[in-house]
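Welcome! Take a moment to look at the sequence and the model, and then let us walk through them together.

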Amino acid sequence: MIRAHSKSVDDTRALAGELAMFAKPGDVILLSGDLGAGKTAFAQGFGRALGIDEPITSPTFTLMRQYDDARVPLLHVDVYRLDRMQEVVELGLPEMLDAGMVALVEWGDVVAPVLPADFLHVDLDFGDGDDERAVRLRSVGASWSARMNAIGRALERWTV
Ligand SMILES: Nc1ncnc2c1ncn2[C@@H]1O[C@H](COP(=O)(O)OP(=O)(O)OP(=O)(O)O)[C@@H](O)[C@H]1O
Ligand SMILES: [Mg+2]
């Protein structure tokens with residue numbers, strides 16, 4: 001578990017951008033945290049660092065957005081509504097991951113049962129100040145676990 005601390009929305013984007021350097025085709029990152037915690041902000045910093053120039057907006061009403069013009073093509077999914085669980089299955093996420101995409105899934109803990117067994121869980125929580133966030137990164141499975149030491153070093157600016 002890596003515990004990091006963000007001081008602003010740009011700080012969260014920068015942290016996510018560092019993490020994006022470790023992204024590989026087929027990766028899944030689950031983003032959890034209450035409304036407004038910063039999951040979409042995290043996705044924006046992550047996507048920018050992958051080389052995506054177009055604006056990354058919240059996929060709450062579209063369920064999923066795909067950004068192909070990137071170092072690793074990005075799939076940004078939001079499964080806020082629980083009745084979309086079946087839709088997530090129907091999206092064919094495993095196939096898209098096999099095709100070489102990296103998936104960021106907002107409210108991911110809810111859909112964990114239908115996703116691959118190997119993922120990084122990023123949880124965002126409100127802090128003392130309005131612009132402060134606690135960011136916890138936890139690896140599940142061998143693929144992300146093998147990267148955690150290096151990620152911890154890369155995120156030293158944000159860890160306490
Ligand atoms: N340190 C911070 N990190 C991230 N966002 C922050 C931070 N400080 C303030 N904010 C603000 O909090 C809001 C986060 O919104 P965002 O849409 O990213 O949240 P979300 O977790 O995706 O919410 P939702 O559950 O609605 O999808 C933004 O308005 C952002 O400017
Ligand atoms: Mg969001």
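Two residues are in contact if their C-beta atoms, placed from the backbone, lie within 7 Å. Keep that in mind as we go, and remember too that this is a predicted model.

Let us begin with the overall layout. The protein chain holds 7 helices and 7 strands, and reading along the sequence you meet them in the pattern β-α-β-α-β-β-α-α-β-α-β-β-α-α. The C-alpha trace spans about 40 × 30 × 30 Å along its principal axes. A compact globule of 160 residues would have a radius of gyration near 15 Å, and the 14 Å of this protein chain agrees with that. Of the 160 residues, 34% are buried. Contacts also reach across the sequence: among those with a separation of 6 or more, 68% join residues 24 or more positions apart.

Now for the interior. The largest nonpolar core has 38 residues, and the members that touch the most others are Ile-29, Phe-42, Phe-46, Ala-103, Leu-104, Val-105 and Val-122. Several elements give two or more residues to this core: the helices H1 (9-20) and H2 (39-49), together with the strands S1 (2-6), S2 (28-32), S4 (74-78), S5 (102-106), S6 (119-126) and S7 (133-140). Val-105 makes a good example to follow. Beyond its neighbours within four places in sequence, Val-105 is in contact with Val-28, Leu-30, Leu-31, Val-77, Val-79, Val-111 and Leu-115.

Helix H2 deserves a visit of its own. How many of the residues of H2 are buried? The count is 8 of 11, so this helix is mostly covered, given that a residue is buried if 20 or more other C-beta atoms lie within 10 Å of its own. The buried ones are Lys-39, Ala-41, Phe-42, Ala-43, Gln-44, Gly-45, Phe-46 and Gly-47. They pack against H1, S2, S3, S4, S5 and S6.

H2 also takes part in the surroundings of ligand 1, where H1 and H2 each supply at least two residues of the shell. That shell has 18 residues, and the ones that come nearest to the ligand are Thr-12, Gly-38, Lys-39, Thr-40 and Ala-41. Sorted by class, the shell consists of 9 polar, 5 charged and 4 nonpolar residues.

Moving on from H2, you come to Gly-51, which takes a positive phi of about 100° just after the helix. Gly-51 sits in the loop between H2 and S3. Is Gly-51 buried or partly exposed? It is partly exposed, because 13 other C-beta atoms lie within 10 Å. Leaving out residues up to four places away in sequence, Gly-51 touches Ala-70 and Arg-71. Pro-73 is 22 residues from Gly-51 along the chain, and their C-alpha atoms are separated by 9.4 Å.

Our last stop is Met-64, in strand S3 (residues 64-67). Met-64 counts as partly exposed because it has 18 C-beta neighbours inside 10 Å. Which residues does Met-64 touch, not counting those up to four places away in sequence? They are Pro-59, Leu-75, His-76, Val-77 and Leu-91. Val-77 is a name you have already met, since Val-105 is in contact with Val-77 as well. Finally, Met-64 and Asp-123 are 59 residues apart in sequence, and from C-alpha to C-alpha they are 20 Å apart in space.

Terms used
Residues are numbered from 1 along each chain as its sequence is written. Chains are lettered from A and ligands numbered from 1 in the order in which they are written. This is a predicted model: local features need pLDDT of at least 70, side-chain atom pairs count only at pLDDT 80 or more; totals for chains, interfaces and linings use all residues. A nonpolar core is a set of buried Ala, Val, Leu, Ile, Met, Phe, Trp, Tyr and Cys residues joined through C-beta atoms within 7 Å. A residue is buried if 20 or more other C-beta atoms lie within 10 Å of its own, exposed if 12 or fewer, and partly exposed in between; C-beta atoms are placed from the backbone. Helices (H or I, at least four residues) and strands (E, at least two) are DSSP runs, numbered from the N terminus. The radius of gyration is taken over C-alpha atoms; the globule rule is 2.2 Å times the number of residues to the power 0.38. A residue is near a molecule or strand if its C-beta atom, placed from the backbone, lies within 6 Å of it. Ala, Val, Leu, Ile, Met, Phe, Trp, Tyr, Cys and Pro count as nonpolar, Asp, Glu, Lys and Arg as charged, and the others, Gly among them, as polar.
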